[in-house]
Amino acid sequence: MLRLFGKILRTGIVTEAPPRDDEIAALGAEVKGLVQRHFGGSLAIREVDAGSCNGCELEIHALNNPYYDLERYGVHFVASPRHADVLLVTGPVSRHMEAALRRTWEAVPAPKWVIAAGQCACDGGEFGVSYASCGAVENVIPVDVRIPGCPPTPRDLLAGILALMRRAA
């Protein structure tokens with residue numbers, strides 16, 4: 001035990017403070033204002049992976065980490081489409097997910113919006129339209145905002161949510 005305390009004292013603090021990002025703070029403040037004004041302070045997003053490689057999911061997951069902390073802007077993810085305002089869809093829509101995506105979209109109460117996140121969701125990406133893929137999300141359900149990138153960064157995702165808020169307002 002004393003050796004462990006000694007090692008801790010010799011090593012010191014190895015973590016560093018997160019970098020300050022004023023652009024993220026400005027985007028978030030604008031999102032928070034629009035969510036407060038038009039959605040009563042809470043915007044619910046249901047994320048649907050329609051066949052992605054999970055790169056976009058990792059970036060979406062980063063939005064919830066302590067650095068970005070999306071919930072401080074009034075935006076949160078929900079498990080049920082019946083509780084959602086927005087569908088955030090990733091990946092080219094595989095034929096196996098086509099009916100599920102359509103049913104999920106139908107389950108979201110109106111008014112509802114769809115964000116296609118990632119290059120594959122925007123235009124089918126490397127997969128395009130084939131026997132196994134429907135391609136872009138807009139080939140299956142209507143899309144309101146597209147966030148290109150492979151994968152889009154959390155900053156791009158936040159800017160996409162802001163674009164949707166401006167459009168919905």
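Let us start with helix H6, which lies across E1, E3, E4 and E5 and runs at about 170° to E5. Keep in mind as you look around that this is a predicted model. Helix H3 also packs on strands: H3 lies across E1, E2, E3 and E4, at about 140° to E3.

The strands themselves come next. Five of them form an open sheet, in the order E2-E1-E3-E4-E5, and the pairing is parallel. E2 and E5 stand at the edges with a single partner strand each, so one side of each has no neighbour in the sheet. From one strand to the next, the twist averages 25°. For a closer look at one of the pairings, take E4 and E5, which pair in the parallel sense over three bridges. Ile115 has its bridge partner in E5, namely Val145.

Ile115 leads us on to the nonpolar interior. The largest nonpolar core has 27 residues, and those with the most contacts inside it are Val31, Leu43, Ile115, Ile161 and Met165. Which elements supply at least two residues each of this core? They are helix H2 (22-38), strand E1 (43-49), strand E3 (86-90), strand E4 (113-117), strand E5 (145-147) and helix H6 (154-168). H6, the helix we began with, gives the most to this core, with six residues. Apart from this core lies another one, of 15 residues, including Leu87, Val89, Val93 and Val143. To explore the 27-residue core on your screen, you could centre the view on Ile161. Leaving aside neighbours within four places in sequence, Ile161 is in contact with Val31, Leu43, Ile45, Leu70 and Ile115.

Helix H1 offers a contrast to these cores. Of the ten residues of H1 (residues 2-11), the number buried is one, so this helix lies largely in the open. Gly12 follows H1 and has a positive phi, near 80°.

Now for the backbone, where a few torsions deserve your attention. A cis peptide bond joins Ala110 and Pro111, with omega about -5°. Pro111 is found in the loop between helix H4 (95-107) and E4. Another cis peptide bond runs from Cys150 to Pro151, with omega near -15°, and Pro151 lies in the loop between E5 and H6.

Positive phi values turn up at residues other than glycine, too. Asn54 is not a glycine, yet has a positive phi of about 80°. Asn54 has its place in the loop between E1 and helix H3 (55-62), and with a relative accessible area of 40% it is partly exposed. Asp69, again not a glycine, has a positive phi of about 45°. Look for Asp69 in the loop between H3 and strand E2 (75-77); at 31% relative accessibility, Asp69 counts as partly exposed.

Let us finish with charged side chains. Side chains of opposite charge can pair when their charged atoms come close. How many salt bridges does the structure hold? There are five salt bridges. One of these joins the side chains of Arg166 and Glu30, at 2.7 Å from N to O. This pair links distant parts of the chain, with Arg166 in helix H6 and Glu30 in helix H2, 136 residues apart. Are these two side chains buried or partly exposed? Arg166 is partly exposed, with a relative accessible area of 49%, and Glu30 counts as partly exposed at 34%.

Within helix H4, the side chains of Glu98 and Arg102 meet in a salt bridge, at 3.3 Å from N to O. Glu98 and Arg102 are four residues apart, about one turn of the helix. Arg102 counts as partly exposed, at 32% relative accessibility.

Back in the sequence region of H6, Asp156 forms a salt bridge with Arg155, and their closest N and O atoms are 3.4 Å apart. Asp156 counts as partly exposed at 28% relative accessibility, as does Arg155 at 29%. Together with Glu23, Arg155 and Asp156 are linked in a network of salt bridges.

Technical notes. Residues numbered from 1 in each chain as written. Predicted model: local features only at pLDDT ≥ 70, side-chain atom pairs only at ≥ 80, totals over all residues. Heavy atoms only, no water. Core = buried A, V, L, I, M, F, W, Y, C linked by side-chain atoms within 4.5 Å. Buried < 20%, exposed > 50% of the residue type's maximum accessible area, 1.4 Å probe, protein only. Contact = heavy atoms within 4.5 Å. Pairing = 2+ DSSP bridges. Axes fitted to C-alpha atoms, helices over the stretch in contact; angles between N-to-C directions. Salt bridge = Lys/Arg side-chain N within 4 Å of Asp/Glu carboxyl O.
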